[in-house]
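Dear colleague,

I am passing on a structure for you to look through, and my notes on it follow below. Please keep the structure open beside you as you read.

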Amino acid sequence: PALPARLRPVQHGGAGLAGDRAGPPQRLPPERRLMAALHPLHRLWRALPQGPRRRMLTGGTALLAPHPDQPPPPVHHGIAVGGELDQASGLGEGARLMLHALGQLGVPCWPLRPGMDLPPGAALVLHTTAPALPLALLRLGRAMVRGRRVIGYWNWELPSVPDAWRAGLPFVHEVWAPSRFSLDALLPVLPGRVRLAPRGSR
């Protein structure tokens, strides 16, 4: 006699019992798992070529970042040094060397962190590239920037700076350059606002 429907074996195109078992799930490579977890807009952003993505980020942060006060405020009570302080990079090492040199000279100085309390009038010296400066100020916040002199510490080792660096010009009162070569490259875009400030040493 025919079996009731609930007891009949399910047919799978002749694959038999071995075909009924699903194989182990295929493990996506790490970069594919990251993309799958990201918000669709973030995935779209990461899919853009690096050049356009960098220009959009620079332009967007330049619109939102706080501008330094004008005229340039006087400097009181020391210097806060910002940059990739926790990174093993040229920018990070430059910032650490400056903190060490300022300390050796007896100048009050602090590693700059968002939200920290600084004395009124302490200057901000930022070891970033010029296009990244608006983003650095945006992270610090308007209250941190207000009433302080903002100084970029920029290193460029070609005869002229690229157009992308102009995005950072409205966000500094002056620029310190680590070498005469960098100073000469920066002077045409910041006449009268570039000083030579060689890196310190340990």
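Which residues stand opposite each other where strand 4 meets strand 5? Before the answer, please bear in mind that this is a predicted model. Y153 of strand 4 stands opposite W176 in strand 5, and these two strands run parallel and are joined by 3 bridges. Strand 4 also pairs in the parallel sense with strand 3 (residues 123-127), again over 3 bridges, and there V125 stands opposite I151.

In a regular strand the side chains alternate between the two faces of the sheet. In strand 4 (residues 150-153) both faces are covered, since V150 and G152 on one side and I151 and Y153 on the other are all buried.

A second place to look at is P66, which is found in the loop between helix 4 (50-64) and strand 1 (79-83). P66 counts as buried because its relative accessible area is 4%, and buried means under 20%. Leaving aside its neighbours within four places in sequence, P66 is in contact with L137, L138, G141, R142, V145 and F171. The C-alpha atoms of P66 and R146 are separated by 8.4 Å, although these residues lie 80 residues apart along the chain.

Finally, the largest nonpolar core has 28 residues, of which L112, W154 and L186 touch the most other members. At least two residues of this core come from each of strand 3, helix 6 (133-140), helix 7 (142-145), strand 5 and helix 8 (180-186). Another core, of 13 residues, lies apart from it and includes V81, M98, A123 and W176.

With best wishes

Note on methods: Residues numbered from 1 in each chain as written. Predicted model: local features only at pLDDT ≥ 70, side-chain atom pairs only at ≥ 80, totals over all residues. Heavy atoms only, no water. Buried < 20%, exposed > 50% of the residue type's maximum accessible area, 1.4 Å probe, protein only. Helix = DSSP H or I, 4+ residues; strand = E, 2+ residues; numbered from the N terminus. Pairing = 2+ DSSP bridges. Contact = heavy atoms within 4.5 Å. Core = buried A, V, L, I, M, F, W, Y, C linked by side-chain atoms within 4.5 Å.
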